[in-house]
Amino acid sequence: MTTMETYWEVQTFLAYEARLLDEERYTEWLGLFTEDAHYWVPGVENRGRSDPNGPYAPSRMAYFDDTLEDLRRRVVRFTAPTAWAEDPATRHLHVVSNIEVERAETPGELLVRSVIVNYRGQGDIDAATLYGRREDILRRVSGELRIARRSSSCGTRFSLPRTSTPSSRNRHDMTAPGTGRLDGQVALVTGGGSGIGRAIVDRYVAEGARVGVLERDSGRAAALARDHGDRVTVEIGDVRAPEAHAASVTRTLDVHGRLDAYVANAGVYDYSTRFEELGENRVVEGFAELFETNVLGYMLGASAALPALRDSGGCLIFTISSSGLYAGGGGALYVASKHAVVGLVRQLAHELAPDVRVNGVAPGATLTALGGLAALGAADRRLDAELDGIDRHIPLGFVSDPADHAGLYVLLADPRDSRFMTGAILPSDGGLEVRGAARRPKGAR
Ligand code: NAD
């Protein structure tokens, strides 16, 4: 039991937090958390009571699994002057109700349960509502209540009225339940620990596939194992090394018994370093690092996977980029490497027909941790921290999430839907092809 005074204090605190969010006062909102805060919103999936897969384990996927540092990074993005494409601005209304307060196990902390409603409105026709249950651990810091743990479960997905426009859909909805399109299939994804590769792995598993991954980052490999259990096997290694590919293909075949789709995806970026800035030495070193990862890595992987793909009548899928189709999305090294992959798709499609289909997906700007070149002193950069303002150049008006591309990799892996496709490159770039000379403001008729 807690006192009326404590209950009142908690209610006032939660109402204040809701108002800060309504008013987009995110920097002040961050001040409501303890330094060791954990913000967790696990994924949900609607499954029937008799679903043979049993209940969906919330530990498998999360919309948010954030430390305070992660939240700060998100807020930095929000506060950039170019972060918002909407005009007029979205209206928010956060409602907190059904508040229950009790003492938590740790002395000095409170366990607070509540129900939340978040209404978002934009213009006259575009609205979305999210309902959920929330459990907070509140702790006193210098006499003030602070959020130390937050766990929210979304009981209902965003619901959009039929009148909403396509560009207003919930970009972060990754709950789309699998439909078993890849039941019984086995895939291998390079760079499957992060970004686009990770979204492919998550979606393939959701569609019923088992997946091998070749990834050089051991932390990301551990996260895959934790989240997917025995449906995913990870080989830690570098795509520039032939033996890493041999090991990952062998492991995938040993554990899963076959290989149907090989996705060459691991890549690095040159952060648009201009050609003249490279100079002779940096061209040599930058070329070696970037082409060995983005091009040689794909060739080595294809070579290691081919015998198994011939056995299964499977397919190769290459992650390209809009930089494989247009200039200006990277520097000379990156753009040339992605054009090279376009050539590789076409040549291999030609050579391997009719036995193995070879296709590519060409994503545009995507919020990922895509890293730079050590040779150019950019190994620690990550792309998602540097994409502010890019949405202005994209006809559909937003920067994509990795999950926005994943369905195309399902399409290309599913022979029922793409058996007549080879040598194709599917752009997934918000419409760069139709940029034209000028863009209409959002909502203009
Ligand atoms: P990411 O950094 O989030 O994912 C790439 C993964 O590959 C990481 O887990 C990384 O550890 C791994 N990796 C990198 N080099 C490796 C190596 N040598 N050996 C083994 N693993 C390695 O980046 P992402 O954006 O998801 O990139 C995936 C692919 O998508 C790349 O080919 C990239 O060029 C392409 N792409 C990205 C964007 C974008 O805007 N993010 C746009 C178009 C294309």
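A nonpolar core, as the term is used on this tour, is a set of buried Ala, Val, Leu, Ile, Met, Phe, Trp, Tyr and Cys residues joined through C-beta atoms within 7 Å. The model you have open is predicted, and its chain averages a pLDDT of 88, with 85% of the residues scoring at least 70.

Begin with the largest nonpolar core, which has 57 residues, and select Ala187, Tyr262, Val263, Leu316, Ile317 and Tyr409, the members that touch the most others. Now centre the view on Leu316: once its neighbours within four places in sequence are set aside, Leu316 is in contact with Tyr262, Ala302, Leu309, Leu348, Val356 and Val358. A second core, separate from that one, holds 13 residues, among them Val10, Leu14, Phe33 and Ala37. In soluble globular proteins, nonpolar side chains tend to be buried together.

Next, select the ligand and the 29 residues around it, of which Gly191, Ser194, Gly195, Gly267 and Thr368 come nearest. Coloured by residue class, this shell divides into ten nonpolar, 13 polar and six charged residues. Helix H4, residues 195-206, gives the most to the shell, contributing three residues.

From H4, move on to helix H5, residues 218-228, and select its buried residues, Arg220, Ala221, Leu224, Asp227 and His228. Looking down the axis of H5, you will find that these buried residues fall within an arc of 135°, so they line one face of the helix. That buried set packs against H4, strand E8 (210-215) and strand E9 (232-236), whereas on the other side of H5 the residues Ser218, Gly219 and Arg226 are exposed. An α-helix has 3.6 residues a turn, so residues three or four places apart point the same way. Just after H5 comes Gly229, whose phi is positive, near 55°.

Then turn to strand E3, residues 91-103, and select Val95, which lies within it. Val95 is partly exposed, because 14 other C-beta atoms lie within 10 Å. Apart from its neighbours within four places in sequence, Val95 is in contact with Ala18, Ile116 and Val117. A distance drawn between the C-alpha atoms of Val95 and Val115, which are 20 residues apart along the chain, comes to 8.2 Å.

Finish with residues 156-176, over which pLDDT stays under 50, and for which the model has 33 contacts beyond four places in sequence. Where pLDDT is low, the predicted coordinates should not be read in detail.

Definitions and conventions: Residues numbered from 1 in each chain as written. Predicted model: local features only at pLDDT ≥ 70, side-chain atom pairs only at ≥ 80, totals over all residues. Near = placed C-beta within 6 Å. Helix = DSSP H or I, 4+ residues; strand = E, 2+ residues; numbered from the N terminus. Nonpolar A, V, L, I, M, F, W, Y, C, P; charged D, E, K, R; others polar. Buried ≥ 20, exposed ≤ 12 C-beta atoms within 10 Å, placed from the backbone. Arc of directions from axis to C-beta. Contact = placed C-beta atoms within 7 Å. pLDDT = per-residue confidence, 0-100.
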